[in-house]
Amino acid sequence: MKYRSTRDTSLSPVMTESSAAIKKGLAPDSGLYVPEEIPQLSEKDLEALTGMDYPERAAYILSLFLTDYDGDFLRKACREAYSVESFGKYAAPVKKVKDGLYSLELWHGPTCAFKDMALQIMPRLLSEALRMTGEKNLTRILVATSGDTGKAALEGYRDIEGTDIMVFYPKDGVSKMQERQMATQEGNNVAVYSVYGNFDDVQTKLKEIFSDKGLADRAKENGILFSSANSINWGRLVPQVVYYISAYCDLVASGDIVMGDKINVCVPTGNFGNIFAGYIARRMGLPVKRFICASNSNNVLTDFINNGVYDKRREFYKTMSPSMDILVSSNLERLLFMIGGSDMTADLMKQLSENGIYKIDGETHAKIKEMFSGYCLAEDETAATIKKIFGECGYLTDTHTAVGVGCALKYISDTDDRTAMVVASTASPYKFPMDVGNSIGMNMEKDDPEYLLRSLSEYTGTPIPRPLERTLELPVRFTASVRKEELDGIVTKR
Ligand SMILES: *Cc1c(COP(=O)(O)O)cnc(C)c1O
């Protein structure tokens, strides 16, 4: 299986092996890598997968896409990535919230958010790609984070051969809990710095570093190659296909659906990566009727799905579901390519970068509307959903998952579609204890990790996830605050 760029408009596009696509991340023309075809799953395949555990399911699906990787390597990597120590007994369990409504819990990994599902395996895929391509340099992962991605990347890359990782976050721009999670990071190839300034300052500085040819040369003299842990990398996307298929198998195994039944899937969306992985699963033959794309007040995708116009020229809101506070959903480019091809995609992306807006044609829009519904939730609706679902069903959701659940309920009440609905649950409620607590009527104001975790647990009678409890106990390792002018020196030093 080969990969090509979404923006390659030539008659015979450049084809790349999956290992090279994972190593490069972005295609040379700034497009995203997509597989030349989508492997198909028959009902028999789904039956076979139903009999497997999560690591086996993951290895099976990955091997269909990553054909240049050795099968034994993939099985071992999946076994290690989705181990009981890292994820508990079930890596991605499906919980019944109420009749017809299920929560696919993607937060049982080491940082209690769904990015672990990809970031526990992606570094292993990259490390193997480096080995396969005979790379001699140290690959240095540079990450700018407003909180959650940084920690998930640190856990993913810790002690991964051939790599080290440096994470930069805005000083005073993350919660105390997030800061503590990063400051206590274990591993021999990790470093964490807080940078004076806000998130935009940090991100802009890192973008400059990535495009600075002189700096790259300086790093190379020290045997260092810069790389990012960006969510547009195919190696981050493909592991996410697995849990949609896995959830379907689990629903069949539990008797909640019968093999062949359709399900609906609702995904709280930011960069469009998670929901796009679901779309790939559907293209492989998974019986999904419809995707509900759930957004917070930054509802650029809701408008796009409803009107066929993507317009990023709008006010940016800071919400209590910060991982969805995004105005440019990069992975949407892959969907556009798969529906309309590279000529259309290259043209639309050019319009987006030049004008901040594009409109798709009627036929493309009709195809998207056939499969996707767009819904969004205001902040007070998100809080009300957390309260309602906890009160009525005894199920505590985080702020992102609540956007998903609230949008799923809106869809169901609008359409009366009673197809089993699976909502992707993207973070543990304990990742956002203050907003979750206050939504269910607590009065939490103190931004202190220990106080927040213990109060939420006492009030709700639910356990604090072990990895978060552990960060209260681990020693703080990283306390350096740096000015952004210092970053050039830091990132090039061996
Ligand atoms: C990253 C993230 C999302 C958004 O996922 P995308 O793949 O960017 O659409 C939703 N919820 C949480 C908790 C996240 O960390």
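**Exercise 1. Locate Thr-426 and describe its surroundings.**

Step 1. Place the residue. Thr-426 sits in the loop between β14 (421–425) and α19 (433–439). Helices (H or I, at least four residues) and strands (E, at least two) are DSSP runs, numbered from the N terminus. This is a predicted model, where local features need pLDDT of at least 70, side-chain atom pairs count only at pLDDT 80 or more, and totals for chains, interfaces and linings use all residues. Residues are numbered from 1 along each chain as its sequence is written, and side-chain values use heavy atoms, with hydrogens and water left out.

Step 2. Classify the exposure. Thr-426 has 8% relative accessibility and counts as buried. Buried means under 20% relative accessible area, exposed over 50%, partly exposed in between (1.4 Å probe, protein chains only).

Step 3. List the partners. Set aside neighbours within four places in sequence. Thr-426 is then in contact with Trp-107, Ala-113, Phe-114, Pro-268, Asn-274, Asp-398, His-400 and Thr-401. Contact means heavy atoms within 4.5 Å.

Step 4. Check one long separation. Val-14 is 412 residues from Thr-426 along the chain, and their C-alpha atoms are 35 Å apart.

**Exercise 2. Describe how the protein holds the ligand.**

Step 1. Count the shell. The ligand is surrounded by 14 residues. The closest are Lys-115, Gly-270, Asn-271, Asn-274 and Thr-426. A residue is near a molecule or strand if one of its heavy atoms lies within 4 Å of it.

Step 2. Find the backbone polar contacts. A polar contact is a pair of N or O atoms within 3.5 Å; within protein, one must be able to donate a hydrogen and the other to accept it, and residues adjacent in sequence count only if both atoms are side-chain atoms.

- Gly-270: a polar backbone atom is 2.8 Å from a ligand oxygen.
- Asn-271: a backbone N or O atom lies 2.7 Å from a ligand oxygen.
- Asn-274: a polar backbone atom is 2.9 Å from a ligand oxygen.

Step 3. Quantify the cover. The ligand taken alone exposes 380 Å², and the protein buries 95% of that. Accessible areas come from the Shrake-Rupley method with a 1.4 Å probe; for residues, only the protein chains shown count as cover.

**Exercise 3. Examine Phe-272 and the helix α13.**

Step 1. Place Phe-272. It lies in the loop between β9 (263–268) and α13 (273–283). At 3% relative accessibility, Phe-272 is buried.

Step 2. Read the backbone. Phi of Phe-272 is near 70°, a positive value in a residue other than glycine. Most residues other than glycine have a negative phi.

Step 3. Move into the helix. In α13, 9 of the 11 residues are buried, so the helix is largely enclosed by the rest of the structure. The buried residues run through Gly-273, Asn-274, Ile-275, Phe-276, Ala-277, Gly-278, Tyr-279, Ile-280 and Ala-281.

Step 4. Look just past α13. Gly-285 takes a positive phi of about 120° there.

**Exercise 4. Follow α18 into the loop that holds Asp-417.**

Step 1. Check the helix. α18 (residues 399–415) has 17 residues and spans 24 Å from first C-alpha to last, close to the 24 Å expected. The expected span of a helix is 1.5 Å times one less than its number of residues. Of its 17 residues, 13 are buried, so α18 is largely enclosed by the rest of the structure.

Step 2. Step off the end. Just after α18, Asp-416 takes a positive phi of about 60°.

Step 3. Examine Asp-417. It is found in the loop between α18 and β14. Its relative accessible area is 9%, so Asp-417 is buried.

Step 4. List its side-chain polar contacts. Asp-417 pairs with Tyr-411 at 2.6 Å and with Thr-419 at 2.5 Å.

**Exercise 5. Separate the two sides of α10.**

Step 1. Name the buried residues. In α10 these are Val-202, Lys-205, Leu-206 and Ile-209. Seen down the axis of α10, they fall within an arc of 95°, so they line one face of the helix. The arc is that of the directions from the helix axis to the C-beta atoms.

Step 2. Turn the helix over. The face away from the buried side of α10 carries the exposed residues Asp-200, Lys-207 and Ser-211.

Step 3. Inspect the start of α10. A side-chain oxygen of Asn-198 reaches to within 3.1 Å of the backbone nitrogen of Asp-200.
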